[in-house]
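Me: Let's go through how the helices pack in this one. Short answers, please.
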Amino acid sequence: MFFICYPKCTTCQKAKKWLDDNKIEYEYRDIKNENPTIDELTKWYKKSGLPLKKFFNTSGLLYKSLDLKNKLPTMSDEEMLTLLASDGMLVKRPILVSGDFVLVGFKEQEWKEKIGK
């Protein structure tokens, strides 16, 4: 499993603690130091079953400064994926990627159900 997060994010810290407390093994990746690629984002998006707009960090400063709230509705999937791959701070986190699923954001109940803890 891959755990993609931003270390300063409090939600990511909670998710990491939950993974550690439940003794779940994962490979850690800092989204700011290692941006997800377009290929990775495309695979995660397809596997997640979520709308692509759910991959955006809507509370982030960059999202707001780019006025993405108004721009996203008119953008193609390809344009959104390119934008997400341009800066990890645009991507909602944490992201937990396994062979079977992709979870975006931390909702403890959803994680328990998917991981079986």
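Me: Which residues in α1 and α6 meet?

Reply: This is a predicted model. Helix α1 covers residues 10–21 and helix α6 covers residues 108–115. On the α6 side, the contact uses E108, W111, K112 and I115. On the α1 side, the residues are A15, W18 and L19.

Me: By class, how many nonpolar, polar and charged residues does the contact of α1 with α6 have?

Reply: E108 and K112 are in this contact, as are W18 and W111. By class, the count is 5 nonpolar, no polar and 2 charged residues.

Me: At what angle do α1 and α6 pack?

Reply: α1 passes α6 in a right-handed crossing. Their axes are 12 Å apart. The packing angle is about 35°.

Me: What is the orientation of α2 and α5 to each other?

Reply: Helix α2 spans residues 38–48 and helix α5 spans residues 77–86. Their axes come within 9 Å and cross at roughly 120°. Perpendicular runs from 65 to 115 degrees and antiparallel starts over 145. The pair is therefore oblique.

Me: Which residues in α2 meet α5?

Reply: α2 passes α5 in a right-handed crossing. α5 brings D77, L81, T82, L84 and A85 to the contact. From α2 come I38, L41, T42 and Y45.

Me: Which helices do the buried residues of α5 pack against?

Reply: In α5, M80, L81, L83, L84 and A85 are buried. Of these, L81, L84 and A85 also meet α2. A second helix, residues 68–71, takes part as well. The partners are α2 and α4.

Terms used
Residues are numbered from 1 along each chain as its sequence is written. This is a predicted model: local features need pLDDT of at least 70, side-chain atom pairs count only at pLDDT 80 or more; totals for chains, interfaces and linings use all residues. Side-chain values use heavy atoms; hydrogens and water are left out. Axes are lines fitted to C-alpha atoms, for helices over the stretch in contact, and angles run from 0 to 180 degrees between N-to-C directions. Helices (H or I, at least four residues) and strands (E, at least two) are DSSP runs, numbered from the N terminus. Angles under 35 degrees count as roughly parallel, over 145 as roughly antiparallel, 65 to 115 as roughly perpendicular and the rest as oblique. A crossing is left-handed if the near helix is turned anticlockwise from the far one by less than a right angle, and right-handed if clockwise. Contact means heavy atoms within 4.5 Å. Ala, Val, Leu, Ile, Met, Phe, Trp, Tyr, Cys and Pro count as nonpolar, Asp, Glu, Lys and Arg as charged, and the others, Gly among them, as polar. Buried means under 20% relative accessible area, exposed over 50%, partly exposed in between (1.4 Å probe, protein chains only).
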